[in-house]
Amino acid sequence: MLWQASPGEFVIGLIVPAIAGLALGAQILIVRQLIMFMLPSTGGTPVVAGVVSAGLMAGLATVATILNISLGWRQEIMGELIGQRLGSLVLARASSTDLEEFESQDFHDRLRRAQTSAIGRPSMVSGAATGVFRSLFALAAIGIAFGLLQPLTHPPPLPASVPLCLPAPPKAP
């Protein structure tokens, strides 16, 4: 449904969280450099490298904030586009029905439910999709950053997370 409403907005909705995820992963790596700079036992690094790392951290934090704000705007735009798409589908369906069906109270109830859903659901759909994309890219970036920092401690938790990805069995009535 997101793709049908607007393919361009959908692609932008994927690219922006991916860049925000990369910024998050880079921030994790830069924080490690800043910690190494501050610890005297590690031999430290030159002051210039510490200042550059702090500047990069501030810049990445600014970029991530701007991307998150733009992602909120994109979410609203996508919700409106989905709403327009659903509204046009409801209108097309209602205009293609026979006049005899308009006499039925059941038809009016279904039409009212469809119109109400076309108003409220698009923002929920776009919000859920944005949240899923944002979370997936952030999780991937954090995993990659931690994998680069400590490669041996990263793989063991991966098999333990497989059951979390499997769908839950249906509950008995």
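In this predicted model, the count of cavities of 30 Å³ or more comes to 1. Its volume is about 120 Å³. The lining is made up of 12 residues, and Glu-9, Gly-13, Met-78, Thr-130 and Phe-133 are the closest to the centre of the cavity. Helix 2 (7-38), helix 3 and helix 4 each supply at least two residues of this lining. By type, the lining residues divide into 6 nonpolar, 4 polar and 2 charged.

Met-78 also belongs to the largest nonpolar core, which has 9 residues. The other members of this core are Ala-5, Ile-82, Leu-86, Val-90, Ala-94, Phe-107, Leu-111 and Ala-118. Helix 3 (47-95) and helix 4 (105-149) each supply at least two of the core residues, and helix 3 gives the most, with 5 residues. A second core, separate from this one, has 5 residues, among them Ala-23, Leu-34, Leu-60 and Ala-64.

Side chains of opposite charge can pair when their charged atoms come close. The model has 1 salt bridge. Asp-106 and Arg-110 form a salt bridge, with their closest N and O atoms 2.9 Å apart. Both residues lie in helix 4, 4 residues apart, which is about one turn of the helix. The table gives the accessibility of the two partners.

| Residue | Relative accessible area | Class |
|---|---|---|
| Asp-106 | 44% | partly exposed |
| Arg-110 | 40% | partly exposed |

Asp-106 counts as partly exposed because its relative accessible area of 44% lies between the cut-offs of 20% and 50%.

Key. Residues are numbered from 1 along each chain as its sequence is written. This is a predicted model: local features need pLDDT of at least 70, side-chain atom pairs count only at pLDDT 80 or more; totals for chains, interfaces and linings use all residues. Side-chain values use heavy atoms; hydrogens and water are left out. A nonpolar core is a set of buried Ala, Val, Leu, Ile, Met, Phe, Trp, Tyr and Cys residues joined through side-chain atoms within 4.5 Å. Buried means under 20% relative accessible area, exposed over 50%, partly exposed in between (1.4 Å probe, protein chains only). A salt bridge is a side-chain nitrogen of Lys or Arg within 4 Å of a carboxyl oxygen of Asp or Glu. On a 1 Å grid over the protein atoms alone, a cavity is a set of points where a 1.4 Å probe fits but cannot get out, and a pocket is an open set with protein on both sides within 12 Å along at least five of seven lines; lining residues have an atom within 4 Å of a point. Grid points are joined across faces, edges and corners, and a volume is the space filled by probe spheres set on the points. Ala, Val, Leu, Ile, Met, Phe, Trp, Tyr, Cys and Pro count as nonpolar, Asp, Glu, Lys and Arg as charged, and the others, Gly among them, as polar.
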